[in-house]
Amino acid sequence: MTPARVLVRLRLNAFRNYMTAALDLGPRHLVLVGPNGAGKTNLLEAISLLSPGRGLRRAGFETLAAHGSDGAWAVAATLDTPDGPVDLGTGSGPGETGRRVRINGANARAVEALSAYLRILWITPAMDGLFTGPAAERRRFLDRLVTTLIPDHSASVGEFEKLMRQRNRLLEEDGDPLWLGAIEGQMAERASAIHFARADCLAHLQGLIAETLGAGAFPAAGLALTQLFEDMAVPEAPDALEALLRMRWQQDRALDRAAGRTLLGPHRIDFEVVHAQKNMPAALGSTGEQKALLIGLVLAHARLVRQMTGIAPFLLLDEIAAHLDPARRAALFDALEGLGTQAFMTGTDPVLFAALGARAQTIAVRDGRFLAEP
Ligand SMILES: Nc1ncnc2c1ncn2[C@@H]1O[C@H](COP(=O)(O)OP(=O)(O)OP(=O)(O)O)[C@@H](O)[C@H]1O
């Protein structure tokens with residue numbers, strides 16, 4: 001399936017170990033090969049910054065400029081879309097801690113504006129411990145998935161957390177109850193939207209995983225959010241959840257004051273993944289099995305994003321082939337075809353990508369420069 005959206009040109013300026021670099025691409029997948037420290041992940045990170053957020057390393061924008069430069073960096077891309085080419089760019093000036101986004105030469109009002117043109121999903125080695133690590137990492141992962149469906153979701157999570165910190169401070173200072181009530185009301189509004197966005201995303205994903213990835217290399221996963229309330233079910237209507245949370249936070253003020261934090265809310269939720277064929281928590285799988293589960297989840301999500309938004313998300317797959325046996329690798333490459341998207345993959349050994357054949361363009365990277373096909 002030929003992708004409807006293709007990243008045809010990428011330019012980097014003073015971005016990490018790239019001084020100036022340009023890459024012209026066709027509709028095929030891209031495989032970047034090179035030794036450790038060549039700049040493969042840096043290139044994926046540059047592409048990831050064409051979506052809202054801090055990119056696949058969650059790095060501070062002020063750390064992205066080439067070491068020893070004046071602190072300015074820029075990433076620019078040309079995207080072929082069904083409506084014609086679109087120029088996208090992002091970057092920071094010297095000493096800036098934020099970043100700006102430009103679309104077809106004009107400053108965008110918000111970074112979320114990028115989502116009208118492309119969506120991006122990624123898998124990196126840092127996610128290898130996703131199922132065994134802390135709940136906060138899984139929550140962040142889930143929120144990133146939701147954000148590829150609902151671009152404002154991450155901003156809502158950020159606003160909720162900011163309000164919650166205000167509530168915690170007010171509790172500590174024994175602040176005005178009226179003021180507390182107002183903050184709890186705003187928290188409840190966001191918390192309800194956040195909860196239902198996460199739950200809906202998992203419910204849709206669950207259906208798609210069973211349908212498309214149930215058998216074979218990427219085992220079907222059972223997905224569920226942990227309980228929001230220990231003692232009662234979540235009401236089905238968003239308004240009812242909002243009202244209930246407002247009431248519970250008001251009731252729990254003394255408890256939360258003693259604990260020094262807000263004990264109840266969407267910031268405490270985890271999500272569980274079960275290896276359905278083995279009926280076993282994902283965390284008990286082998287390294288390769290966990291990787292396959294993660295890939296299954298992300299590929300199913302890519303399908304979901306395409307179904308719900310009409311945009312097939314680009315996939316950034318950093319060091320993806322390393323832990324997969326040859327059968328799973330071949331299955332991954334075949335699965336990419338059905339998604340109708342461009343994938344960008346990295347590895348130190350081109351042999352691992354041989355099964356892609358003519359479906360991919362291979363570019364060698366050395367010291368922040370692109371070489372011809374190896
Ligand atoms: N701000 C920066 N300025 C200059 N160089 C940087 C900056 N940030 C990172 N680097 C360097 O960029 C180089 C390439 O890093 P990158 O993570 O892209 O390597 P890689 O090709 O993915 O390697 P590996 O196979 O080890 O994962 C590293 O040597 C790193 O130290």
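**Domain interface and ligand shell**

Reply: In this predicted model, 21 residues of domain 1 contact 21 residues of domain 2, with contact meaning heavy atoms within 4.5 Å.

Me: What are the bounds of domain 1 and domain 2?
Reply: Domain 1 is 1–119 + 311–374 and domain 2 is 127–308. The bounds come from an automatic or database domain assignment. Residues are numbered from 1 along each chain as its sequence is written.

Me: How much area do they bury between them?
Reply: About 1800 Å², 68% of it on carbon and sulfur atoms. That is accessible area (1.4 Å probe) lost on putting the two parts together, summed over both.

Me: Which residues of domain 1 lose the most?
Reply: His323, Arg328 and Leu339, together 29% of what the domain 1 side buries.

Me: How many salt bridges between the domains?
Reply: One, counting a side-chain nitrogen of Lys or Arg within 4 Å of a carboxyl oxygen of Asp or Glu.

Me: Switching to the ligand. Which residues come nearest?
Reply: Gly37, Lys40, Thr41, Arg57 and His67, out of 17 around the ligand. Near means a heavy atom within 4 Å.

Me: What about Asn36 and Ala65?
Reply: A polar side-chain atom of Asn36 sits 3.0 Å from a ligand oxygen. For Ala65, a backbone N or O atom is 2.9 Å from a ligand nitrogen.

Me: How much of the ligand's area does the protein cover?
Reply: 67% of the 660 Å² that the ligand has accessible on its own, by the Shrake-Rupley method with a 1.4 Å probe.

Me: Any cut-offs on what counts here?
Reply: Local features need pLDDT of at least 70, side-chain atom pairs 80 or more, while totals for chains, interfaces and linings use all residues; side-chain values use heavy atoms, without hydrogens or water.

Note on methods
Polar contact = N/O pair within 3.5 Å; in protein donor to acceptor, adjacent residues only side chain to side chain.
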